[in-house]
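Open your viewer and get comfortable. Could you walk me through what to select, and what is there?

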Amino acid sequence: VTAALFGLLAPVAAAWLSLAALRLRTARDSALVTGALSICIGVGLSSLATYWCVLMGVAIGRGFAAVDAIAWTAIGLVAWRALRPRGGATTAATAHAPGHLTWVDWLVRAAFVAVAVTAAATVVAHGMAAPHGEWDAWAIWNQKARFLSRDIEHWTAVLDVTWSNPSHPLLVSLSVARLWAYAGSETTLVPAVLGGVWAVGAAAVVMGALGIGRRRAWIAGAVLIAPATFTQLAAAQTADLAVGLFMVAALAELRSAVLATEEGEARAHLLVSALLCGLTAWTKNEGLVLLVIATPIAGWVAARHGRAGLVAWWLAGVLPVCMTVLWHKTVVAPVPPEYMAEAAGPAAAMARLLDPARHALVWSLIAPRVMTWGGPLAAGALPLTAAAAALAVFTRAGRSGRVVLAVVVLMFAAYYATWLAAPLDTPWLVATTFDRLIVQIWPSLVLVAFSAGDAPAALAVALASPVRPKG
Amino acid sequence: VLGGLLLAWSLLAGVAALRAAVARVPDQMAEQEAEFRAFAPYLPPSGRVGFLQPFDGWMDASVRTHYAAQYALAPRVVPESLSEEFLIVARDAARPEGDPRLAGFVEVERFPSGHRLFRRFP
């Protein structure tokens with residue numbers, strides 16, 4: 001397990017150092033967000049590297065783990081050496097050092113810690129009751145990991161397991177198989193710890209993006225992790241919370257690109273956001289929807305900065321991952337999504353989308369779920385947070401959340417369209433997907449809802465006028 | 001005040017989630033997949049292994065048993081099929097009075113769990 005922990009931390013540390021060495025993160029950025037981005041990029045890129053090794057027939061065993069460990073350590077060392085002459089400005093500790101804390105600040109932080117400890121205990125309790133995770137874990141994600149881990153020559157046989165959602169990409173399963181190789185066994189601790197990492201990462205992005213020195217960041221963190229559905233999915237060993245993390249990280253970076261006052265800053269945030277959008281698409285099919293929605297927004301950011309060349313940086317971030325996704329979906333696993341496998345074509349899908357009776361059915365199914373999402377005592381959390389987000393974007397400081405909320409609304413519209421158009425038993429489809437799809441957008445929604453409030457003066461200035469390119 | 005209310009709500013919701021997690025019934029997948037791992041030494045390392053549909057039809061419990069067999073025996077594929085050389089007959093899947101679907105198969109092993117492995121006659 002110690003080896004697996006090293007396997008997890010090595011690419012994360014390499015990503016952290018590389019972000020700083022490439023000047024994609026500076027001392028002005030939140031260290032908490034940088035840490036979460038490093039988790040996303042480290043885990044994401046190591047899964048991509050594992051995938052290409054798998055395609056080349058490299059067994060995901062001890063030998064692979066040894067070479068993988070050396071490679072990530074070398075990348076980290078190279079990045080560290082590149083940083084040294086510049087004085088190692090890898091963290092933002094000085095820029096975000098908290099000022100004097102009042103007793104109210106301490107009380108808020110203590111309350112957050114109490115909620116976090118309760119949430120951690122909940123995840124552990126679920127993990128002890130279901131060490132192999134929930135239904136989708138052993139039917140889909142960990143099962144794919146077993147195919148990848150046990151037989152490199154026949155791993156594609158998993159495509160014949162109809163209930164394993166063969167159309168979904170492999171970030172989570174590859175990450176599990178990779179860390180099993182480090183551990184030397186198929187320990188259930190690996191997918192369990194990964195689930196916790198997704199949850200901690202999502203909280204770090206939300207709290208860091210809101211400014212960890214401010215009370216609202218701690219309150220937002222508590223609201224994010226309190227619902228039972230969130231902690232249950234943190235322990236479920238599935239991919240939905242991973243999507244939630246990658247999505248909120250991508251959108252936080254996109255928000256930073258909108259707020260950037262310098263072209264170089266916008267370029268860095270766009271590149272990282274693009275990479276994260278690509279990795280979301282490498283996690284689940286829903287990530288492709290995010291990519292389609294976020295790309296025109298990136299174009300708008302480029303236009304706002306008056307530099308069409310910024311679009312090239314977006315493409316540079318997206319394309320490497322998307323080429324892999326494309327290869328996987330067209331060459332390795334050319335199967336349609338399960339929820340559309342029996343579709344009778346675009347005309348039938350359009351007819352279902354335009355059928356008022358189906359709208360009435362889907363609304364009748366999701367309305368009570370909207371009200372009760374989150375579990376015991378969390379009823380109303382979703383509509384209240386959505387309302388707060390809608391109000392926040394009309395405040396001066398909350399305007400920064402508009403791009404995030406726009407993406408969240410369009411993502412929900414895509415889920416809704418799928419419920420309408422999928423030729424499956426609609427009550428079953430909604431019942432089995434609603435909670436986890438909402439968890440995908442929940443961190444982003446919380447980020448927007450708490451965007452209003454005491455924005456720093458520099459942020460308000462940035463919002464007041466369109467950006468002009470330098471020179 | 002609003003922040004205080006939100007934190008209080010978060011704590012209450014968190015405690016409610018914890019109570020529900022502590023009270024949940026333990027999942028049986030560890031035991032179920034261990035039951036099917038016992039089949040592995042009798043099977044080829046890859047390929048397809050048939051799984052007998054329960055005589056009284058699929059229900060949640062029997063679907064879960066089928067999925068557990070697949071989870072345990074990966075990278076073999078375990079489809080519902082009578083066409084493969086090997087056939088897994090889960091506990092209570094065959095008709096107790098004798099199942100005509102097993103004609104042409106011979107029992108290879110009966111496991112302590114009650115699951116059985118059959119093989120097609122040469």
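The tour below goes from the interface to the cysteines.

A quick orientation: this is a predicted model, where local features need pLDDT of at least 70 and side-chain atom pairs count only at pLDDT 80 or more, while totals for chains, interfaces and linings use all residues. Residues are numbered from 1 along each chain as its sequence is written, chains are lettered from A and ligands numbered from 1 in the order in which they are written, and side-chain values use heavy atoms, leaving out hydrogens and water.

**Stop 1: the interface.** Select the contact between the two chains (heavy atoms within 4.5 Å): chain A supplies 41 residues and chain B 37 residues. Together they bury about 3,300 Å², 72% of it on carbon and sulfur atoms; buried area is the accessible area (1.4 Å probe) lost on putting two parts together, summed over both.

**Stop 2: a salt bridge.** Now pick B:Glu33 and A:Arg146, whose side chains meet in a salt bridge at 2.8 Å, N to O. The rule (a side-chain nitrogen of Lys or Arg within 4 Å of a carboxyl oxygen of Asp or Glu) finds 2 salt bridges across this interface.

**Stop 3: the cysteines.** Next, search the whole structure for disulfides (cysteine sulfur atoms within 2.5 Å): there are 0 over all chains. Select A:Cys277 to see why: the closest cysteine sulfur, in A:Cys322, is 8.9 Å away, too far for a bond. A:Cys277 is buried (under 20% relative accessible area, 1.4 Å probe, protein chains only), at 0%. A:Cys322 also counts as buried, at 16% relative accessibility.

Note on methods. Buried < 20%, exposed > 50% of the residue type's maximum accessible area, 1.4 Å probe, protein only.
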